[in-house]
Amino acid sequence: MRNVFNFSAGPSMLPEDVLKDVQADILNYNGSGMSVMEMSHRAKVYEEINAEAEVLLRELMNIPDNYDVIFVQGGASMQFEAIPLNLLNKGKADYIVTGNFAEKAWKEAQKFGDIACAASSKDKNFTYIPQNVKFREGLDYVHITTNNTIFGTHYASLPDTGDIPLITDASSHILGEHIDVGKFGVIYAGAQKNIGPAGVTVVIVRKDLSDKALPACPTMLKWSTQIKEKSLYNTPPCFSTYVAMLVFRWLKKLGGVAAIQKINEQKAGMLYELIDNSSFYKNAVNPADRSIMNVPFTTPSPELDEKFISEASKAGLKTLKGHRLVGGMRASIYNAMPVEGVQKLADFMKKFAVENK
Ligand SMILES: *Cc1c(COP(=O)(O)O)cnc(C)c1O
């Protein structure tokens, strides 16, 4: 039994049931006599893991048939480069900059063409999502970040891009709430928040966008390479994909994304309600744009923030320090964080406020 709750933004908690499955399988996976870490990715037993991961993700996210799903390496950050290299045929794209990762994606793309920032919320330290954004003509795509991990913001509604493919970095909310896949050209996400261990990255690509890579696009970054080879072009991160597959099984058993979204809304609601009803805690985000995955908050002073983080850690509430760009605290409450953990944090917050008024 573990007696801490880990509020890390990523890598973050995994479901305890999944870790127990991993433990049970570690020496001898499915009668193979081997750990998944030791087996060939060409072995039938691994091909089954790879195939089941895709089937389950398709089912969980209700991914339409006109989309390909691949599991690649390099993290979400590698996709910052892959996106322009796979899509920038006219050489022109717009980005909405709503945080640190959105800004990195935008800067990376600038190496490859005429890349504009259509809107940014940097003027208010990324505490809101820009509305009614206008885009240029003749674009290959528009890129957004639907959940901003560091700042705790989230798109309540998507920008209207008409026929222009909308691309999103969904790293910190994929599988945490409903995502209407059909509204996007490409959805990508690093695993280490809501999917599994770091090392594997999910890319969901609409088929008409999957084979448009620029001639200079490296083979390894070309989505079509991995689509053709069912994510087995080269040695994949087998162990990470296997754990992701177990997380998908766990989530399906729990009732899927609709069920976990209810729980996630309940968890986030507990914290936001406490913060909003308190004169001690503050959350700087525009209420309509709040994330249910990442909840940043502050006490009345940086000194008290530090005391909060240290005392919370002693109470088993770990990794609550906010990102250096925001300060204060941040509770990342992804799918694997039980209601009980958030309840314990809320109780601690109430007690700390009374004791430090
Ligand atoms: C964590 C995160 C990233 C970085 O992911 P890597 O897999 O480390 O490259 C990018 N975008 C968002 C929204 C994130 O939350």
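Visitor: What makes up the shell around the ligand, by class?

Guide: The shell has three nonpolar, eight polar and two charged residues. The classes are fixed by residue type: Ala, Val, Leu, Ile, Met, Phe, Trp, Tyr, Cys and Pro count as nonpolar, Asp, Glu, Lys and Arg as charged, and the others, Gly among them, as polar. Before we go on, please note that this is a predicted model, where local features need pLDDT of at least 70 and side-chain atom pairs count only at pLDDT 80 or more, while totals for chains, interfaces and linings use all residues. Residues are numbered from 1 along each chain as its sequence is written, and side-chain values use heavy atoms, with hydrogens and water left out.

Visitor: Which residues around the ligand come nearest?

Guide: There are 13 residues around the ligand, and Ser 77, Thr 149, Asp 169, Gln 192 and Lys 193 come nearest. A residue is near a molecule or strand if one of its heavy atoms lies within 4 Å of it. Helix α3 (residues 75–87) gives the largest share of the shell, four residues. Helices (H or I, at least four residues) and strands (E, at least two) are DSSP runs, numbered from the N terminus.

Visitor: How do you know that Ser 77 makes a polar contact with the ligand?

Guide: An N or O atom in the side chain of Ser 77 is 2.6 Å from an oxygen atom of the ligand. A polar contact is a pair of N or O atoms within 3.5 Å; within protein, one must be able to donate a hydrogen and the other to accept it, and residues adjacent in sequence count only if both atoms are side-chain atoms. The Ser 77 pair falls within that limit, so the name applies. A polar backbone atom of Ala 76 is 3.0 Å from an oxygen atom of the ligand, and a polar side-chain atom of Asp 169 lies 2.6 Å from a nitrogen atom of the ligand. Taken alone, the ligand exposes 380 Å², and the protein buries 86% of that. Accessible areas come from the Shrake-Rupley method with a 1.4 Å probe; for residues, only the protein chains shown count as cover.

Visitor: Why is His 143 called buried?

Guide: Its relative accessible area is 1%. Buried means under 20%, exposed over 50%, and partly exposed in between (1.4 Å probe, protein chains only), so His 143 is buried. His 143 is in strand β5 (residues 141–145), and its side chain makes a polar contact with the side chain of Tyr 188 at 2.7 Å.

Visitor: What makes the pair Lys 44 and Glu 48 a salt bridge?

Guide: The N to O distance between their side chains is 2.9 Å. A salt bridge is a side-chain nitrogen of Lys or Arg within 4 Å of a carboxyl oxygen of Asp or Glu, so the pair qualifies. Being four residues apart in helix α2, Lys 44 and Glu 48 are separated by about one helical turn. At 62%, Lys 44 is exposed, whereas Glu 48, at 41%, is partly exposed.

Visitor: How many salt bridges does the whole structure hold?

Guide: A search finds 16. One of them joins Glu 59 and Lys 252, with the closest N and O atoms 3.1 Å apart. That pair links distant parts of the chain, Glu 59 in helix α2 and Lys 252 in helix α6, 193 residues apart. Arg 2, Glu 16 and Lys 20 form a network of salt bridges.

Visitor: Which residues make the nonpolar surface patch of about 330 Å²?

Guide: Ile 26, Leu 27 and Met 37 make it. Patches are made of residues with over 30% relative accessible area and no salt bridge: like charges are joined within 9 Å, nonpolar side chains (Val, Leu, Ile, Met, Phe, Trp, Tyr) within 5 Å. At 32%, Ile 26 passes the area limit and is partly exposed. Ile 26 sits in the loop between α1 (16–25) and α2 (44–61).

Visitor: What makes the backbone of Leu 175 worth pointing out?

Guide: Leu 175 has a positive phi of about 70 degrees although it is not a glycine. Most residues other than glycine have a negative phi, and most peptide bonds are trans. Leu 175 lies in the loop between β8 (166–169) and β9 (186–190) and, at 1% relative accessibility, counts as buried. A cis peptide bond joins Gly 10 and Pro 11, with omega about -10 degrees.
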